[in-house]
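User: I have a chain here that I'd like to go through with you. Can you put it up?

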Amino acid sequence: MKEERILIVEDDPSIAENIQEILEILGFENIDIANSANQCIKIIKKTRPDLIFMDIKLKGDKDGIELGEIIHQMFDVPLVFVTSYSDPTIIERAKRINPAGFIVKPFNTNDIHAIVEIVLYNKRTKPSTEATVVKSPSESPFLVTDAVFIKADNAFERVPYEEIYYIEANGNMVTIFTKNRDYHIRKSMKEIEEILPSNLFLRVQKSFIVHLGQIESFNTKEITLKKGSVVQVGRQYYNSFLAKLNTITES
């Protein structure tokens, strides 16, 4: 028995079962299957797989490449894309997230065997000096790291990050909702995203950024904040949002 855990992300049951059967023949027993982005994120957070087979043409709000981008941002796990497409545009998109490899349908046991052995060997023997250096959220070029200064009237007011509830866009203006007052600023959401620390704030919809520490509860459609405000979650943002939270589920 091989101890490595492998996740198969595939919405076609016959293909998922085919890959699973081949892996079992090769001696792998710790195998999980996800048929959606949401299920994939939950399994990764729960089991921390050593390798992921990802179908590029995954159905739903995000295809396999978009889901792969989220995974790469949150987890250090090699991805192998499974595809029946040789479209240069798709390949170029996939290359940007530096996958560990590709498997082209139809595949056989030798194809799976070769890619698994190579990817897991590279993972085991990867020198620590080549590991990606992740910058600590506490490492900031600014001297004040727990607050932002917002210009209001004729002065810059110090606003601690913990007192910011959420940010809402309205045309070419944004409103920053805080504990003491609301600030109306002529900025784009992209500019606000770049200013606020990404370990504390996350865009959850085209028009909303929330402070993760202010979340009281959430579901697939909306987030309830501690002060009672409710913010809608965009379908295309939900899986990225879920990946950044430590969650416990019934199954």
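User: Charges to begin with. How far apart are the mean positions of the positive and negative charges of the protein chain?
Analyst: They are 6 Å apart, taken over 31 positive and 36 negative charges. Lys and Arg count as positive, Asp and Glu as negative, with His and the chain ends not counted. Each charge is placed at NZ of Lys, CZ of Arg, CG of Asp or CD of Glu.

User: What am I looking at, and how is it numbered?
Analyst: This is a predicted model, where local features need pLDDT of at least 70 and side-chain atom pairs pLDDT 80 or more, while totals for chains, interfaces and linings use all residues. Residues are numbered from 1 along each chain as its sequence is written, and side-chain values use heavy atoms, leaving out hydrogens and water.

User: Which residues form the negative surface patch?
Analyst: Glu17, Glu21, Glu24 and Glu29. Patch residues have over 30% relative accessible area and no salt bridge (Lys or Arg side-chain nitrogen within 4 Å of an Asp or Glu carboxyl oxygen), and like charges are joined within 9 Å.

User: Which helix gives the most to it?
Analyst: Helix 1, residues 13-25, with three residues. Glu24 is in that helix. Helices are DSSP runs of H or I, at least four residues; strands are E runs of at least two.

User: Is Glu24 partly exposed or buried?
Analyst: Partly exposed, because its relative accessibility is 43%; buried means under 20%, exposed over 50%, with a 1.4 Å probe and protein chains only.

User: And the whole chain: how many helices and strands?
Analyst: Seven helices and 15 strands. Of its 251 residues, 43% count as buried.

Conventions:
Patches are made of residues with over 30% relative accessible area and no salt bridge: like charges are joined within 9 Å, nonpolar side chains (Val, Leu, Ile, Met, Phe, Trp, Tyr) within 5 Å. Accessible areas come from the Shrake-Rupley method with a 1.4 Å probe; for residues, only the protein chains shown count as cover.
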